[in-house]
Every structure is written in C-alpha cells, then in structure tokens.
Amino acid sequence: MKICLVSDYLPHIHDTWSGAELVCWKTGELLSKRGHKVIFITLKDRNTKKSRIDNIFFIKCFFYRLQFIGKNFILDIAAIFSTINILLKIRPDVVHIHSKLLFFPAAIGSWILRIPFFYTVLDYYILCPRNLLLRPNGQLCNYNQGEHCSDCFSLSDRGVVKFVDKLIPKSLKSFLCIIRKHTVDFFMNKSSKIITFSETSKNRLVNYGYSQDKIEVIYHYHFESTAGGNCPRKGKDANKRILFVGSLIRHKGLHIIIAAMKDVVKEIPNSKLLVVGKGRGKFVDSINRLINECSLCDYVDFLGHRDNDFVLDLIKDVDLVVVPEQWYSEFGPVILIESKLLHKQIVASRIGSIPEFVRDGIDGILVDFDNAHAFAKGMVSLLKSSDSSGRIADGISDAIKKISISDDVFDSLEKVYLSSLKENN
C-alpha cells in the first residue's frame, strides 16, 4: 500500500514537536518496515530543518501565525490547493491525518479525490477549538462544541489573535463557532475511520454523536524500544530523581508538580525534579516565579527539548515519573506508557483515560489532577517506601501489555486500511 501520513510537525524535521508528532513518525517507520510505501505531508516554516528525505512534502500555511484561525476555519485556499496537487502527484491508497493546521487541506483534498482518509484523535481538536476541552476559567469543559466556544477565542497567547478577537463582535464569533462545528463534523463523517487510543476516548466521541461503527481503538505507536525492564541508576548519584516530560504549558501540569516539590523536599531533601520540554510566554514566566517563591532553584533542573532516545535513557535512570495532566488526556500519554513498560514508579492524574492504563495502588498512584498536596503525598510515599514502590513499579496493566505488542496493533491498522480500500472500490 502507498500510505500518506499528515502531521503539522515531524521529529528530526522541525524544531518543535511533541508526542502527537512522534506517534505519526513512528507509525510511518513501522509501516515502512512492513513493506508499505510511506509519504509524509507536513508544514514548511522558517524553522524547518533542511530535510534530505525524499518522501516528505511540505505545505506553506498562510495562517501559520494565526493558528487559532487557520486550524479551525477553511480559509487557507493556497494550502488546500497545494495539498490536492501533492495528493495528485503521489496518488496514495489512503491518507492518515494526525494534524490540526493541515486537517482541512488534507481532509478536503482526500474527499475531492475520493481517497479514503483516517483521522487519529491525539487531542480534542475535533470537539474543541482549543483542543483541550477546558473552559476559559480553567475548569474542564463538558459542553458539546458550538456557539459557546466563542468565549475561548481570546485565550490564545498570540498577540495578533487577541487583536483580531477584539475586532470581531460576539455574535459573529458565535456564528463562526457554529460553522466550525458543522464543518468539522461533515469531514469527520466523511472519513473512513476515526482512530482513538483508548476506550475512554471512543466513548466520549460516541456520546458527542459520532457513529460507534466509525471509531476504532488502535494505539498505533511503536513501543519495542522500551523493552528490557527496569534499569539501575547509573553512577553513584544519591539524589532521588523525579522526571517530568511534556510541553511547558498549563494543561500539562508542571505548575502542580513545582508546588508539590515544596512539600517533597521537606520530607526528602535530596530529591531533584528533572524537566524535559520547552515552552514560552506567561506560563513559563509563572513557573520561574513559583520556583523562586518556593525556594526550589536547587531542586529543579530544566533539560530543554530532547529526542525520544534521550528521554528513554532518562526514564531508566530516574526513581519516579510524574504525569500531572490537567485535561482529558485520553491518549496515553506516551510518557506514561513508556515509563510503565520500563517498570518505573509513576504518580499520575486521575483523569481521562489514565485510569484505563494505570491501576491506582497496583501499578501506579493516581491522585486528583489539580491537587499539588496529593501529588506530593504520592511522590513521597513511593520515594520512601522501597517495598511498596517495587511492587507498584513492577505492575503493568493489561491495557498497556496489549498495545506494547506492535505486530498485533499494526495488523489492526492495516486491516482498517484494507477494509476502506475494498469499500471504496
């Protein structure tokens, strides 16, 4: 099969990427090993690294700096025509979309050319203009998308979007959000399959209104590199090392862990928090202020954005991994799955699909997602109690065991591809 994968960014190609982009890249790698011809379509921007890989096609997005507008409304006609031209050139059998800014160009192009296309749900872009299902006040959003989404226009941290938001009347924003809902729903219903990573995510989409028959649960990420079990600490570092991996944005919850560290260091003075990821703007400034206010400068190390191999080695070398998600993270996340496959202690938020992958008190500790004190209590408990931590670290849920068998997972992915081709013919 000739398979076209669409992602806004790609590891090794762009400076900025995260778990969603890694999923797309790893999917392409394994599909190639299974004998398929894989072509990527991704964004071209001024920070794109020069690529010598001949199976990558770049699209310029006119609304790159107006991402809130560009990804939610069909406005970038140039990107749509560019995508159609690429699809005409490469003639893929199927298109598999993992993107937001390129969602409409890829979906429209596939629909016009009658190419079966799939969409993997890696955040809640198809239900929420902000992707997060979070209200302006930071509370979890349980509404279906619609006119109330206009309240979230002003939440972008990009000054130009805030400026545009002030110019648009409330009634027009509400109308645009209604148009957005019907447009996204139209193309999602035209897709061959919607692919989710968890039953929790599938149930949310079914409750929203998508057909249960259209949704497949396939965690298509290659975890073979994490095999090998728990690894001992390298060297003679006596510190208790805690690892956070994720973008430095509020819904990833680093602020909760920083606040928790204030209590942790009182109980375990030799503890150290390692932070892998990068961010910008007001949230990062608030994190730095919080560290200073809590006198934690000597207890937090920022390691910046690192590649996946580095992160895997780091997971093996720490005592504890924290996953403080502050939103309906119903897709893993990748760091949680990798940590459990390496038999690491983990403290995570009791939210989204995380309880589907980690059982509280059996193979991890789950706490209220927005409770720094509860996180601190769980972290101290695991770091202090070697007997308890060993038992919890060794446990792996059946859900994680299932998705770690890559052959079975990708057999399922190939099956839905082939099924769509038969239906299309």
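# Worked exercises on two sheets and their helices

β1 and strand β2 (residues 37-44) run parallel to each other and are joined by 5 bridges. Two strands count as paired if DSSP finds at least two bridges between them. Helices (H or I, at least four residues) and strands (E, at least two) are DSSP runs, numbered from the N terminus.

Before you start, note that this is a predicted model: local features need pLDDT of at least 70, side-chain atom pairs count only at pLDDT 80 or more, and totals for chains, interfaces and linings use all residues. Residues are numbered from 1 along each chain as its sequence is written, and side-chain values use heavy atoms, with hydrogens and water left out.

## Exercise 1: the sheet around β1

Task: work out the strand order of the open sheet of 7 strands, and find which strands stand at its edges.

Solution.
- Step 1. Begin with the residue partners: Ile3 has Val38 of β2 as its bridge partner, and Leu5 stands opposite Phe40 in β2.
- Step 2. Extend the pairing outwards, and the order reads β3-β2-β1-β4-β5-β6-β7, with parallel pairing.
- Step 3. β3 (56-60) and β7 (215-217) are the edges; each has a single partner strand, so one side of each lacks a neighbour in the sheet.
- Step 4. From one strand to the next, the twist averages 25 degrees. Axes here are lines fitted to C-alpha atoms, for helices over the stretch in contact, and angles run from 0 to 180 degrees between N-to-C directions.
- Step 5. Now check burial, where buried means under 20% relative accessible area, exposed over 50% and partly exposed in between (1.4 Å probe, protein chains only). In strand β1 (residues 2-6), 4 of the 5 residues are buried, so β1 is largely enclosed by the rest of the structure.
- Step 6. Add a helix: α7 (residues 199-208) lies across β6 (193-196) and β7, at about 170 degrees to β7.

## Exercise 2: the second sheet

Task: give the strand order of the open sheet of 6 strands, and say which helix lies across β8, β9, β10 and β11 (320-323).

Solution.
- Step 1. Strand β8 (residues 240-245) and strand β9 (residues 271-276) run parallel and are joined by 6 bridges. In β9, Val275 is the partner of Phe244.
- Step 2. The full order is β10-β9-β8-β11-β12-β13, again with parallel pairing.
- Step 3. β10 (300-304) and β13 (365-367) are the edge strands, and each pairs on one side only. Neighbouring strands of this sheet are turned by 20 degrees on average, direction ignored.
- Step 4. The helix is α10 (residues 308-317), which runs at about 145 degrees to β8.
- Step 5. Asp317 belongs to α10 and, at 9% relative accessibility, counts as buried. Asp317 lies 74 residues from Leu243 in sequence, with 9.6 Å between their C-alpha atoms.

## Exercise 3: two helix pairs

Task: classify how α10 packs on α11 and how α3 packs on α4.

Solution.
- Step 1. Set the classes: angles under 35 degrees count as roughly parallel, over 145 as roughly antiparallel, 65 to 115 as roughly perpendicular and the rest as oblique.
- Step 2. α10 and helix α11 (residues 334-341) pack at about 45 degrees, with axes 10 Å apart. Therefore α10 is oblique to α11.
- Step 3. Contact means heavy atoms within 4.5 Å. Asn308, Val311, Leu312 and Ile315 of α10 meet Ile335, Glu338 and Ser339 of α11.
- Step 4. The axes of helix α3 (residues 77-90) and α4 come within 8 Å and cross at roughly 50 degrees. Hence α3 is oblique to α4.
- Step 5. The α3 side of this contact includes Ile80 and Leu87, and the α4 side includes Pro105 and Ile112.

## Exercise 4: positive phi

Task: Are Arg114 and Ser295 buried or exposed?

Solution.
- Step 1. Most residues other than glycine have a negative phi.
- Step 2. Arg114 has a positive phi near 60 degrees, and Ser295 one of about 55 degrees.
- Step 3. Arg114 sits in the loop between α4 (103-112) and β5 (117-120), while Ser295 sits in the loop between α9 (281-293) and β10.
- Step 4. Arg114 counts as exposed at 63% relative accessibility, and Ser295 is exposed at 57%.
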